[in-house]
Amino acid sequence: MSGNYHIVTYGCQMNVHESEKIAGILRRIGYEKETPIEEADIIVFNTCCIRENAENHAFGNIGALKKLKKQKPELLIAVGGCMTQEKGKTDVLKKKFPFIDIMFGALNLETLGDLILRKRAQKKKVIEIRETEGEIVETDDAYRTSYPNAWVNIMYGCNNFCSYCIVPYVRGRERSRKPEHILAEVKKLVAEGYREITLLGQNVNSYGTDRDTGMSFAELLDAVASIEGKFRVRFMTSHPKDFNEDVVRVMEKHRKICRLVHLPVQSGSNAVLQAMNRRYTREKYLAEIEMLKSRLPEAEVTTDIIVGFPGETEEDYLQTEDLVKTVDYASAFTFVYSPRQGTKAATMDNQIPEDVQKNRIMRLVELVNSLTRKKSEKYVGKTVEILCEDFDEKKGLYLGRDEFGRMGYFESEQNVVGEFVSLKITRANGISLFGEMVKG
Ligand code: 5AD
Ligand code: SF4
């Protein structure tokens, strides 16, 4: 039996890549192509649980399928990802949405094909959530939809237990892939024409510390960037407690590695950082940025910030603002603290009222946007190298990113998707840049 599929993805880059793996599995068992939701024979939800609104979003979208499932009883609905890994969540889902056919966990994504085949052979729903992380299953299954960019997991899981974060509970402990598997995957992708490789892990700097891989992260990065060919290398996420000079030395050695480090700070206040169990101080963080910029003055940094963490005072918040101005981030993802069941912070008795949280996030977003706008303006008149990713039908323009992740739009008579082009920036609009292709 064949048919078409539709995958709905929530959450981070890790999940986006896992949806490519899900697509690979679906194709392997006979599904042909991705279609709009109404035309699909199977719909897979790849969920996220990092903040409450990600969960609410998924709940809303799954609930909206009730009618479609009634009209099309043969339609299969599968729910997997981080949310199903949460304690007790599958029971909630079963109760709320009895029409779900299959549930699988983020820790046993590779079993989805078998679960679908099992479900097709029986009336009863199929639920299989692996509770603890097993050995890494190496497959060559991903059906990639992000050309010319490719994501490559170097490790799974997280050992850090930041007090607000649910990831270690749903993704298990750190497991590093073997360097030979990672390098073989990158070589294959480069040979296939992928032009940007992003190495993924919750905490890439602790690569290889969970088992004897024979390589540290810096050594792995060096090996990846030593692969022949014209392509860019990115990596994320770095943890400030582990980010070090070895990595920056490797960046210096290879122009292929983008001069951009995603270094989530979370807060600019030492008291909050301690309560978050981040295991670094504001001073250590700033010293790392200084080290990076002293070796690579052109380097840029992006970050994640949480406001409204339990106990955060106005003074603490202002320290975050001050740090944001000091570092002058290329961009920042800003979040309101969201209590997650089972984490330490959710039990703290000094939760911050919603109106205070809202007020702080508004001020922080305004600050971050003003810094980004200023950076955009500095681009005007400069020529930057863009990796063309796509054609925007609405704008009638090609688009791509520079090494700092800035989006640039331009006209071209030829299809240049997958090519590096030089773009002279003529105009900046908020975070987007517009320019003209420069020949030669
Ligand atoms: N509430 C708000 N933001 C969170 N993050 C992780 N957990 C939470 C939470 N409970 C943010 C952190 C992290 C990013 C991926 O998500 O900033 O770096
Ligand atoms: Fe969560 Fe902290 Fe691990 Fe990041 S490092 S996934 S914030 S526990």
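Asp-222 makes a good starting point in this predicted model. Asp-222 sits in helix H9, and it counts as buried because its relative accessibility is 19%, just inside the class that takes in values under 20%. Leaving out residues up to four places away in sequence, Asp-222 touches Val-250, Lys-253 and His-254.

**The nonpolar cores**

Helix H9 comes up again when we turn to the interior. The largest nonpolar core has 55 residues, and helix H9, residues 217-225, supplies its largest share with 6 of them. Which members of this core touch the most other members? They are Ile-197, Leu-199, Phe-235 and Tyr-285.

Tyr-285 is worth a closer look on your screen. Beyond its neighbours within four places in sequence, Tyr-285 is in contact with residues including Pro-240, Leu-263, Pro-264, Val-265 and Tyr-280. Its list of contacts also takes in Val-301, Thr-303, Leu-323, Val-327 and Tyr-329. Another core, of 25 residues, lies apart from the largest one, and its members include Cys-48, Leu-68, Leu-75 and Cys-82. As background, nonpolar side chains tend to be buried together in soluble globular proteins.

**A buried glutamate and its arginine partners**

Is Glu-196 buried or exposed? Glu-196 counts as buried because its relative accessibility is 5%. Glu-196 belongs to strand S10, residues 196-200. Its side chain makes a polar contact of 2.8 Å with the side chain of Arg-234, and a polar contact of 3.1 Å joins it to the side chain of Arg-232. Setting aside residues up to four places away in sequence, Glu-196 touches Arg-232 and Arg-234 together with Pro-148, Asn-149, Ala-150 and Leu-387.

**Backbone details to look for**

Pro-148, one of the residues that Glu-196 touches, also has a backbone feature to check. A cis peptide bond joins Tyr-147 and Pro-148, with omega at about 5°. Pro-148 is in the loop between strand S6 (126-128) and strand S7 (149-153). Another cis peptide bond runs from Met-236 to Thr-237, where omega is near 10°. Thr-237 has its place in the loop between strand S11 (232-236) and helix H10 (245-253).

Positive phi values are also found in residues other than glycine. Phe-161 has phi near 50° and is located in the loop between strand S8 (155-156) and helix H7 (167-171). Phe-161 counts as partly exposed because its relative accessibility is 31%. Asn-277 has a positive phi of about 60° and lies in the loop between helix H11 (270-275) and helix H12 (282-295). With a relative accessibility of 30%, Asn-277 counts as partly exposed as well.

**The surroundings of ligand 1**

The residues around ligand 1 are Ile-50, Arg-51, Tyr-164, Gln-266, Asp-304, Ile-306, Phe-335, Val-336, Tyr-337, Ser-338 and Arg-340. By class, this shell has 6 nonpolar, 2 polar and 3 charged residues. Here are three of the polar atom pairs between the protein and ligand 1.

| Residue | Protein atom | Ligand 1 atom | Distance |
|---|---|---|---|
| Arg-51 | polar side-chain atom | oxygen | 2.9 Å |
| Tyr-164 | polar backbone atom | nitrogen | 3.0 Å |
| Gln-266 | polar side-chain atom | oxygen | 2.6 Å |

How much of the accessible area that ligand 1 has on its own does the protein cover? The protein covers 87% of the 410 Å². The elements that give two or more residues to this shell are strand S13 (300-307) and strand S14 (331-336).

**The surroundings of ligand 2**

Tyr-164 is found around ligand 1 and also around ligand 2. The shell of ligand 2 further includes Cys-158, Asn-160, Phe-161, Cys-162 and Cys-165, and Phe-161 is the residue with phi near 50° described above. The others around ligand 2 are Val-167, Pro-168, Gln-202, His-239 and Arg-278. By class, the shell of ligand 2 divides into 7 nonpolar, 3 polar and 1 charged.

**A pair far apart in sequence**

One last place to visit is Lys-325, in helix H13, residues 314-327. Lys-325 is partly exposed, with a relative accessible area of 49%. Lys-325 and Leu-367 are 42 residues apart in sequence, and their C-alpha atoms are 8.3 Å apart in space.

Definitions and conventions
Residues numbered from 1 in each chain as written. Chains lettered and ligands numbered in written order. Predicted model: local features only at pLDDT ≥ 70, side-chain atom pairs only at ≥ 80, totals over all residues. Heavy atoms only, no water. Near = heavy atom within 4 Å. Polar contact = N/O pair within 3.5 Å; in protein donor to acceptor, adjacent residues only side chain to side chain. Areas by Shrake-Rupley, 256 points an atom, 1.4 Å probe, with all protein chains shown as cover. Helix = DSSP H or I, 4+ residues; strand = E, 2+ residues; numbered from the N terminus. Nonpolar A, V, L, I, M, F, W, Y, C, P; charged D, E, K, R; others polar. Core = buried A, V, L, I, M, F, W, Y, C linked by side-chain atoms within 4.5 Å. Buried < 20%, exposed > 50% of the residue type's maximum accessible area, 1.4 Å probe, protein only. Contact = heavy atoms within 4.5 Å.
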